[in-house]
Amino acid sequence: MLQSSIASIALVAALMMPAQGAWAADESKYPDWSGQWTRVPDGGPPRYDPTKPLRAQQAPMKPEYRKLHEASMADLDAGGLGLDLAYHCIPQGVPRQMSGVSPMEFIVSPNVTHVLFEVMAMTTRRIYSDGRDWPKNLEPTFAGYSIGHWIDSQGSGRYDTLEAETRNLKGPRTWDQTGMPMANDNEGVIKERLYLDKSDPNILHNEMTTTDNSLTRPWTVVKNYRRAQNNVVWAEDSCAEGNPHILIGKEVYFISADGALMPVKKDQPPPDLKYFNQTRK
């Protein structure tokens with residue numbers, strides 16, 4: 001029995017060796033995207049087009065969506081929160097979560113590339129590169145469903161570019177914190193082309209094109225991320241922890257430092273107290 005057990009262990013080890021060797025060979029074909037990535041500092045908040053100011057994105061929006069955006073910004077100016085639901089810890093979804101809102105990490109393997117985010121409300125992305133087809137009757141999600149493929153653009157024998165397409169996106173979604181709205185019909189499509197800068201391997205480019213029914217045409221931008229490799233620290237960033245905002249009906253209120261409910265903007269009506277006993281003076 002002892003000899004049989006030893007023989008079995010040796011057989012399993014022998015079977016595993018080619019698989020490990022194949023994995024090592026596969027791993028050497030892929031780029032090194034390890035480390036912590038943040039948006040390249042550009043003097044402004046995260047936004048879809050990093051080359052333009054937050055309130056001057058020049059998005060090719062349809063008139064009805066432009067009106068919604070203008071109303072959202074007017075509400076922000078009045079002290080409200082507009083159409084942006086990030087205060088409510090709703091996942092921001094793709095493409096917004098790729099705007100450098102949170103530090104992120106890429107984990108590359110032959111069959112799938114994971115994109116992880118420090119902000120816990122950001123949904124983990126999985127970009128499948130195993131040759132699968134689009135699934136049918138899949139429940140939409142904020143991060144959507146992503147299928148990609150690797151390219152050796154230089155003919156070097158190593159992959160250097162990941163092309164990905166994301167569909168099956170769930171709403172409501174906004175482009176940024178001004179509440180610029182996207183269509184909520186789950187028909188949006190995002191295409192990405194990710195690759196390291198040729199002169200600086202610590203810069204990752206993301207050429208992104210979004211097709212959405214809130215737009216008159218596809219909108220293409222280039223996002224850039226910078227890598228930190230030394231002394232990387234990952235924090236726990238939970239949106240729900242210490243969140244002072246309370247949504248009651250269609251109104252958002254604020255919990256003050258003394259624990260009392262207070263308005264977020266001038267002349268905001270109080271919530272309906274019909275389910276509470278109210279004493280009259």
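How many helices and strands are there in the chain? This predicted model has two helices and 12 strands.

**View 1. The whole chain, read from end to end.** Along the sequence the pattern runs α-β-α-β-β-β-β-β-β-β-β-β-β-β. One strand sits between the two helices in that order. After the second helix, the pattern holds strands only.

**View 2. The overall dimensions of the chain.** The C-alpha atoms fill a box of roughly 90 × 50 × 45 Å along the principal axes. The radius of gyration is 24 Å. A compact globule of 281 residues would have a value near 19 Å.

**View 3. Inside and surface.** Of the 281 residues, 35% are buried. The accessible surface comes to about 16400 Å². Carbon and sulfur atoms account for 55% of that surface.

**View 4. Contacts and charges across the chain.** Take the contacts between residues at least 6 apart in sequence: 54% of them join residues at least 24 apart. The chain carries 30 positive and 34 negative charges. The mean positions of these two sets are 5 Å apart.

**View 5. Strands S3 and S4, side by side.** S3 covers residues 112–117, and S4 covers residues 125–128. The two pair in the antiparallel sense over four bridges. Val-112 stands opposite Tyr-128 in S4. In a regular strand, side chains alternate between the two faces of the sheet.

**View 6. Strand S4 with its other partner, S5.** Which residue in S5 does Ile-127 stand opposite? Ile-127 faces Ser-146. S5 spans residues 145–151. S4 and S5 pair in the parallel sense over two bridges, whereas S3 and S4 pair in the antiparallel sense.

Definitions and conventions
Residues numbered from 1 in each chain as written. Predicted model: local features only at pLDDT ≥ 70, side-chain atom pairs only at ≥ 80, totals over all residues. Heavy atoms only, no water. Rg over C-alpha atoms; globule rule 2.2 N^0.38 Å. Buried < 20%, exposed > 50% of the residue type's maximum accessible area, 1.4 Å probe, protein only. Contact = heavy atoms within 4.5 Å. Areas by Shrake-Rupley, 256 points an atom, 1.4 Å probe, with all protein chains shown as cover. Lys, Arg positive; Asp, Glu negative; His and termini not counted. Charge placed at Lys NZ, Arg CZ, Asp CG, Glu CD. Pairing = 2+ DSSP bridges.
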